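Me: I've just opened this one and could use a friendly walk through it. Can we take it piece by piece?

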Amino acid sequence: VPYGIARFAYGHDHVHDEAEELFERLFAHTDRPGHPLRATDDRYLCHYIGTSVMRAAALLEAKKPDLGHRPWFLDVNEITYHGSGHLIRYGDRTHPGVLISMKKGGILTLITGEGYAADFGWVVHRGSARYVSHWWSGEWRYAVDDGVHVIHGFMVPAREWESTPLRHGVLRVVSGLLGSRLIGRLKNMLIFKKPDCALPFERRIEINPSFIRIADRISGLEPDDVVLPAPRASARHVASADSYHPEDADLARRCHRHQDATREGAVFKADTLLSAEA
């Protein structure tokens with residue numbers, strides 16, 4: 001992936017020639033059909049490799065604004081992948097680039113040359129139960145209504161499993177007895193959750209030249225339910241680990257976020273305005 005090399009080559013006061021040469025040799029021909037980036041699984045494009053590519057592009061644009069060509073993924077204005085439910089709108093110095101995951105409850109990332117912002121939906125705590133909107137599912141429905149992207153469906157019950165020595169030991173014993181027959185059951189517990197019709201959720205996303213407006217509505221709430229913004233981390237169990245870099249906090253500080261939330265009876269509404277620092 002390009003960002004580590006680009007950061008070493010262009011992320012300092014002077015350009016490191018060897019890193020720049022390596023970057024150019026690996027990523028100067030992404031327009032060619034056989035380039036490895038074009039064969040990337042959409043999950044990694046959206047969660048791992050895509051982030052690396054966009055950060056590298058921002059560094060490259062900042063250090064070499066007179067670059068004669070742009071990466072292939074920035075040559076078009078907007079693409080919708082209906083199979084995976086992803087919408088990508090590419091930006092420039094004055095217009096934000098946006099990635100929306102329609103089949104993950106409408107979570108989105110806003111990127112410009114100067115800043116970064118993101119919204120990951122909502123979590124509802126109901127006693128010991130937890131319902132989330134940021135869950136990939138084919139059950140989500142989405143459409144465009146007068147230029148506004150509308151996503152609607154139901155929040156998904158997602159239990160957070162605590163890993164303890166006792167549970168780990170039991171899992172080892174059961175896996176020894178059942179073998180591969182255990183895999184399907186574990187996937188159903190940890191990965192393949194179905195939406196619960198208890199909490200309908202709707203998100204409306206309006207993309208403007210310099211900002212994004214998000215209107216959310218959760219209905220079916222009970223009096224003791226607690227509604228909280230969802231964190232970046234997915235509620236789905238994944239085997240791959242994440243990492244932290246101080247730059248992540250710097251990106252968060254660049255985010256302008258204004259939100260008005262109201263709750264009346266069983267209905268929660270939130271109006272969120274996201275923009276990146278100009």
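What follows is a set of short questions and replies.

Reply: Before we start, this is a predicted model, where local features need pLDDT of at least 70, side-chain atom pairs count only at pLDDT 80 or more, and totals for chains, interfaces and linings use all residues. Residues are numbered from 1 along each chain as its sequence is written, and side-chain values use heavy atoms, with hydrogens and water left out.

Me: How many helices and strands are there in the protein?

Reply: Helices (H or I, at least four residues) and strands (E, at least two) are DSSP runs, numbered from the N terminus. Going by that, the protein has seven helices and 15 strands.

Me: What pLDDT does the protein average?

Reply: pLDDT is the predictor's confidence in each residue, from 0 to 100. In this protein, 82% of the residues score at least 70. The average is 81.

Me: Where does pLDDT stay under 50?

Reply: The stretch in question has 14 contacts (heavy atoms within 4.5 Å) beyond four places in sequence in the model. Where pLDDT is low, the predicted coordinates should not be read in detail. The stretch is residues 67-75.

Me: What share of the 278 residues is made up of buried ones?

Reply: Buried means under 20% relative accessible area, exposed over 50%, and partly exposed in between (1.4 Å probe, protein chains only). With that cut-off, the buried share of the protein's 278 residues is 34%.

Me: Why is the pair of Tyr10 and Phe23 called edge-to-face?

Reply: Rings of Phe, Tyr and Trp (its six-membered ring) pair if their centres lie within 6.5 Å; planes under 30 degrees apart count as stacked, over 60 as edge-to-face and the rest as tilted. The structure holds four aromatic pairs. In the one formed by Tyr10 and Phe23, the ring centres are 5.8 Å apart, and the pair is edge-to-face because the planes stand at 90°.

Me: Which parts does that pair of Tyr10 and Phe23 tie together?

Reply: Both residues are buried. They sit 13 residues apart in sequence, so the pair links two separate parts. Tyr10 belongs to helix H1 (residues 3-10) and Phe23 to helix H2 (residues 17-27).

Me: Which residues form one aromatic cluster?

Reply: Phe23 also pairs with Phe27 in a tilted way, at 5.5 Å centre to centre and 45° between the planes. Those two are four residues apart in helix H2, so about one helical turn separates them. Phe23 is buried at a relative accessible area of 6%, and Phe27 counts as buried at 15%. The cluster is Tyr10, Phe23 and Phe27.

Me: In what order do the five strands of the open sheet come?

Reply: Two strands pair if DSSP finds at least two bridges between them. The pairing in this sheet is antiparallel, and its edge strands, S1 (78-81) and S5 (116-119), each pair on one side only. The order is S1-S2-S3-S4-S5.

Me: Which residue is the bridge partner of Ile79 in S2?

Reply: S1 and strand S2 (residues 86-89) pair in the antiparallel sense over four bridges. Their hairpin has four residues between the strands, and Gly85 takes a positive phi near 80°. In S2, Ile79 is partnered by Ile88.

Me: And which residue in S5 is the partner of Ile111?

Reply: Strand S4 (residues 107-111) runs antiparallel to S5, with four bridges. The partner of Ile111 is Tyr116.

Me: What is the order of the open sheet of four strands?

Reply: Its pairing is antiparallel too. Strand S6 (residues 122-126) pairs with S13 over four bridges, and four bridges also join S6 to strand S7 (residues 129-132). Four of the five residues in S6 are buried. The order is S10-S7-S6-S13.

Me: Which residue in the turn between S6 and S7 has a positive phi?

Reply: S6 and S7 form a hairpin with two residues between them. Across the two strands, Val123 has Val132 as its bridge partner. The turn residue, with a phi of about 65°, is Gly127.

Me: Which residues is Pro231 in contact with, leaving aside neighbours within four places in sequence?

Reply: Pro231 lies in the loop between strand S13 (226-229) and helix H7 (246-253), and counts as partly exposed at 46% relative accessibility. Trp122 is 109 residues away in sequence, yet 8.3 Å away in space, C-alpha to C-alpha. The contacts are Phe120, Val123 and His134.
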